[in-house]
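Q: I have a model open and want to learn how to read it. Where do we begin?

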Amino acid sequence: MAEQDLPGLLIMGIGGTHGVQESLAALLKKHFSVITMKELLENKKEVGKKIQCIFVSEFRPTIDQELLESLPNLKVIGNSGVGVDHLNLKMISNFGVRVTNTPHAVADSTADMGMALMLASARRLVEGSQIAVSPDTNYFAADWLGVEVTRATLGIIGMGRIGYKVAQRARAFEMKILYHNRNRRSQEEEQAVGACYSEMEDLLQQSDFVMLVVNLTPQTEKLIGKKELGLMKPTATLINISRGAVIDQDALVEALQNKTIKAAALDVTYPEPLPRNHPLLKLNNVIITPHIGTATVQATHMMAEEAIANMLSVLNCQPIPSEVFPQ
Ligand SMILES: O=CC(=O)O
C-alpha cells in the first residue's frame with residue numbers, strides 16, 4: 001500500500017531515552033503513515049482528520065479532551081507498556097476510542113528489574129560501587145556486609161504475568177515464595193514455581209523481601225502505608241516495580257528513617273522524578289532507579305510489535321489481543 005494510503009498514526013512520547021527510536025519508527029512505518037505531534041500542531045485541521053491511531057511510546061503524554069476533540073477519526077490508543085494509570089480511560093471511551101496495552105512484552109524485562117533491585121539491595125551493590133571508585137582505598141567488606149537472597153522468603157504482592165515471572169526467577173534462588181493476589185493461581189501454577197498463597201498480613205510479617213507488582217488502581221493506591229510497613233520485619237526490604245503511588249511515600253520515609261524496615265529498592269516513585277530535595281534521596285538504605293523496568297532494547301521492540309498488533313486489530317475489526325477498559 002502506498003504510504004499515503006496507510007492509516008494515520010500519531011506518535012506521542014517518542015524521542016526519549018531508549019536509543020532505538022529510529023528502528024522503532026521504521027517498524028511503525030511499515031503499517032502506518034506516521035505523524036509527529038509537531039506536524040499535527042502545524043496543521044491541526046487537515047492532519048487531525050488523518051489520525052486513526054495514537055501510539056504512546058513513553059509513560060506520560062497528555063491525552064486530554066482538547067486533543068481528542070481535534071482527532072475526529074481516532075479509533076485506538078496503543079499504549080506501549082502495561083500500566084495505563086496515566087490515561088483517563090473513561091473520558092477516552094466516551095469518545096468511542098479503544099485503549100490497548102502490552103502485557104506480554106513487558107513481563108520479562110520488568111521481572112528481571114525486580115530481581116536486579118532485590119539483589120542490588122541485598123548485596124549493597126550501589127554502596128559497593130561507590131566505595132570501589134572512591135579515593136579511599138582502605139575499605140573492608142566486613143564493614144558493610146550484605147545478606148543472601150538464596151533461601152530467603154520473598155513475598156510477591158500482585159501475581160499477574162510479571163509477578164509470576166518474578167516467582168519463576170526466585171525459584172532458581174531457592175527462595176521461599178509467598179504471594180498475595182486478588183485471584184488465587186491454580187494449584188498447578190502454584191506448584192510449578194513453588195509459591196504459596198498468603199493473606200497480606202502474613203506475607204508482610206514473614207517476608208525478608210516484599211515485592212510490589214500490582215497495577216495502580218483506586219484499590220491499590222497507598223496499599224502499603226504505615227500499618228503495612230509496621231507489620232514488616234525490621235530486617236526486611238521493600239521493592240517496588242509497579243507504580244510509586246502504591247506506597248504511601250511519607251510513611252515509607254518514616255519507616256526507613258526509624259529502621260522499622262531495613263531498606264527499599266524502588267524503580268518507581270511518586271512523582272517521577274522526585275524533587276531533588278526529597279527525603280528519600282537522602283537515605284543510604286534506599287536504591288532508586290528512574291522507572292526503567294521496560295527500558296531494554298528487546299522490550300521496547302516487543303512493546304511496539306504488540307501495540308501494532310493491537311491497533312491493527314481494532315482497525316480491521318478483529319478480536320483485540322490486549323484491550324483495557326475503564327473500571
Ligand atoms: O511501567 C511500565 C509499564 O507500565 O509497562
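**Reading the ligand site**

A: With the shell: around the ligand it has three nonpolar, four polar and one charged residues. Here Ala, Val, Leu, Ile, Met, Phe, Trp, Tyr, Cys and Pro count as nonpolar, Asp, Glu, Lys and Arg as charged, and the others, Gly among them, as polar. This is a predicted model: local features need pLDDT of at least 70, side-chain atom pairs count only at pLDDT 80 or more, and totals for chains, interfaces and linings use all residues. Residues are numbered from 1 along each chain as its sequence is written, and side-chain values use heavy atoms, with hydrogens and water left out.

Q: Which residues come nearest the ligand?

A: A residue is near a molecule if one of its heavy atoms lies within 4 Å of it. Of the eight residues around the ligand, the nearest are Gly81, Val82, Gly83, Arg243 and His291.

Q: How do I read the polar contacts at the ligand?

A: Look for a pair of N or O atoms within 3.5 Å. Gly83 uses a backbone N or O atom, 2.7 Å from a ligand oxygen. Arg243 places a side-chain N or O atom 2.8 Å from an oxygen of the ligand. For His291, a polar side-chain atom lies 2.6 Å from a ligand oxygen. The ligand alone exposes 200 Å², and the protein buries 92% of that. Those areas come from the Shrake-Rupley method with a 1.4 Å probe.

Q: How many disulfides are there?

A: A disulfide is a pair of cysteine sulfur atoms within 2.5 Å. The count is zero. Take Cys317: its closest cysteine sulfur, in Cys53, is 12 Å away, so that pair is too far for a bond.

Q: Is Glu305 buried, partly exposed or exposed?

A: Use relative accessible area: buried is under 20%, exposed is over 50%, and partly exposed is in between (1.4 Å probe, protein chains only). Glu305 is at 46%, so it counts as partly exposed. Cys196, at 42%, is partly exposed. Cys317 counts as exposed at 72%. Leu89 counts as buried at 16%.

Q: Where do Glu305 and Leu89 sit?

A: Helices are DSSP runs (H or I, at least four residues), strands likewise (E, at least two), numbered from the N terminus. Glu305 is in helix α13, residues 297–315. Leu89 is in helix α5, residues 89–94.

Q: What does UniProt list for residues 115–293?

A: An unreviewed entry gives "domain: D-isomer specific 2-hydroxyacid dehydrogenase NAD-binding". Such annotations may be inferred rather than shown by experiment. In the model, this span is 32% helix and 16% strand, with its end C-alpha atoms 11 Å apart.

Definitions and conventions. Polar contact = N/O pair within 3.5 Å; in protein donor to acceptor, adjacent residues only side chain to side chain.
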